[in-house]
Amino acid sequence: MIRKCYKQAEFVGRIQQALGVALDRVSCSIVDRQGMAKVMQGAGWSRNDSAGVVGFQVDEQVYVLDSAPWTVLHELIHRAGVNSDRLSRFVAEGLTESIAQELKRSSDEHRPTYPVETRWVQQKLLPVLGMNATQLGRALASDPDPPRKLASLMAAAKPGTNERALRRQLGPQKTGVPSFNRMSVTRMKGVMADDRGSERVGLVLLLASAVLLVPPLLTRSQGAL
Ligand SMILES: [Zn+2]
């Protein structure tokens, strides 16, 4: 029996309309803790990595933990093209969360994760661009080269930005490492420590005189989870 993910059809319709992309053949599976560990191991993660993961997206496939239906919207936004296969994980997670907040219609549809990333996107990036999250998501989701697109938007908003360096640093950190969603700050720390790209994004923004403040990457204790 195939169990559809929570509000899957509704979310797909809403995301398609908001981001202007066709979500064909969405495959969203509900898995238990053990199933999550198994699919993540299949994608190259260790069993330990799967602790605290509530949603996971690899290629066409989305997996959601049975106890966390509130992450379906987040994962389907990744599936629409805002994800760390295509863009810096820091920006991809912050933007995905920001879009989810704009698209959710009730509290059962979303719970916040990635508070630092989200705050940076909402309070630094979007005001500079003069866009809301859905508008930026729409610009990036269907673009064949999201780092180039975002770098060009930022350079247009802040003349003097080193667009080439920015583009490089906005790129996905590792090829083949898929997106996933964690609910524990502790585990997120582990991910970030392994993920130098986020620090590089902040650094290059500074070097590029982009006037976007460096995300407080090393002070994660204020997490709102
Ligand atoms: Zn995510």
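Two strands are said to pair if DSSP finds at least two bridges between them. In this predicted model, strand β2 (residues 53-58) and strand β3 (residues 61-65) meet that condition, pairing in the antiparallel sense over four bridges. One of the bridge partnerships joins Gln57 to Val62 in β3. The hairpin formed by β2 and β3 has two residues between the strands, and within this hairpin Asp59 takes a positive phi near 50 degrees.

The surroundings of β2 can be judged from burial. A residue counts as buried if 20 or more other C-beta atoms lie within 10 Å of its own. Six of the six residues of β2 pass this test, so the strand is largely enclosed by the rest of the structure. For the protein as a whole, 43% of the 225 residues are buried.

From the hairpin the view widens to the nonpolar interior. The largest nonpolar core has 48 residues, and Val64 is among those with the most contacts inside it, together with Ile15, Leu76, Ile77, Val82 and Leu95. Helix α4 (residues 89-103) gives the most to this core, contributing seven residues. Apart from neighbours within four places in sequence, Val64 is in contact with Cys5, Cys28, Ile30, Gly55, Pro69, Thr71, Val72 and Glu75.

The overall layout comes last. The protein has ten helices and four strands, which follow one another from the N terminus as α-β-α-β-β-α-α-α-α-α-α-β-α-α. Among contacts with a separation of 6 or more, 66% are between residues 24 or more positions apart.

Conventions:
Residues are numbered from 1 along each chain as its sequence is written. This is a predicted model: local features need pLDDT of at least 70, side-chain atom pairs count only at pLDDT 80 or more; totals for chains, interfaces and linings use all residues. A nonpolar core is a set of buried Ala, Val, Leu, Ile, Met, Phe, Trp, Tyr and Cys residues joined through C-beta atoms within 7 Å. A residue is buried if 20 or more other C-beta atoms lie within 10 Å of its own, exposed if 12 or fewer, and partly exposed in between; C-beta atoms are placed from the backbone. Two residues are in contact if their C-beta atoms, placed from the backbone, lie within 7 Å.
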